[in-house]
Amino acid sequence: MASKRGTQTARDMVLSMLVILLGAGLVYLFIPHDDSLDPVRPITYDTELATARRAAPYPLAAPVGLPETWRATSVRYDGQSDHGAVWHLGFMDPDNEYAAVEQGDGKPDAFIAEVTHGAEPTGENRTVDGEEWERYEGPKYDALVHREDGVTTVVTGTAPFDSLARLAAALEAGEN
């Protein structure tokens, strides 16, 4: 008896693909999904902040008193990055724009360029809570930058400058 192996045709392959696509379509139809849900998954960062503050060589800044409409979305601390000890805390503002607090104790210019995705200084400053912040603008992110005591704090993102300033004004540095 001759083997059928090797005699499959392109028609058989197309029929197999149709069966697979039909199965995938049925799975999609019967698995519940709600496209109206907010894709942003808020996080809490209290534990990470406390842990990072114990490890950091400088006082880490985090917002105090922001309304609940500001949702934390990402947090991380790296004590030995290319930019020194680096702290990151990301948010979605009330208008669903991204804003982040970035701190590092490495070389400021390289750090600023990385966390702002290449934003450039405008030569303008903005006073936030009595402190001068440099204004940066870029193709992806804008930023407010504050340099102090070997630590660079950057508030950056797609959010407008008023939202960035609101986040900067809420920052309080602390140590554990």
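The following paragraphs lead through three parts of this structure, which is a predicted model.

The surface offers a starting point. A nonpolar patch is formed there by Leu-22, Leu-26, Tyr-28, Leu-29 and Phe-30, and together these residues have about 620 Å² of accessible area. One of them, Leu-26, belongs to helix α1, which spans residues 10-30. Leu-26 has a relative accessible area of 41% and is therefore classed as partly exposed, because that class lies between the limits of under 20% for buried and over 50% for exposed.

Helix α4 presents another situation. This helix covers residues 161-170, and seven of its ten residues are buried, so the rest of the structure largely encloses it. The buried residues of α4 are Phe-161, Ser-163, Leu-164, Ala-165, Leu-167, Ala-168 and Ala-170.

Attention may now turn to strand β3, which runs over residues 84-92 and contains Trp-87. Is Trp-87 buried or exposed? Its relative accessibility is 0%, so Trp-87 counts as buried. The surroundings of this residue can be described in detail. When neighbours within four places in sequence are left aside, Trp-87 is in contact with Glu-48, Leu-49, Ala-52, Tyr-58, Leu-60 and Ala-61, and also with Val-75, Arg-76, Tyr-77, Val-101, Glu-102 and Gln-103. With Ala-61 there is a specific approach: the side chain of Trp-87 reaches the backbone oxygen of Ala-61 at 2.9 Å. As for Asp-109, its C-alpha is 16 Å from that of Trp-87, and the two residues are separated by 22 residues in sequence.

Definitions and conventions:
Residues numbered from 1 in each chain as written. Predicted model: local features only at pLDDT ≥ 70, side-chain atom pairs only at ≥ 80, totals over all residues. Heavy atoms only, no water. Patch = residues over 30% accessible without salt bridge, like charges linked within 9 Å, V, L, I, M, F, W, Y side chains within 5 Å. Areas by Shrake-Rupley, 256 points an atom, 1.4 Å probe, with all protein chains shown as cover. Salt bridge = Lys/Arg side-chain N within 4 Å of Asp/Glu carboxyl O. Helix = DSSP H or I, 4+ residues; strand = E, 2+ residues; numbered from the N terminus. Buried < 20%, exposed > 50% of the residue type's maximum accessible area, 1.4 Å probe, protein only. Contact = heavy atoms within 4.5 Å. Polar contact = N/O pair within 3.5 Å; in protein donor to acceptor, adjacent residues only side chain to side chain.
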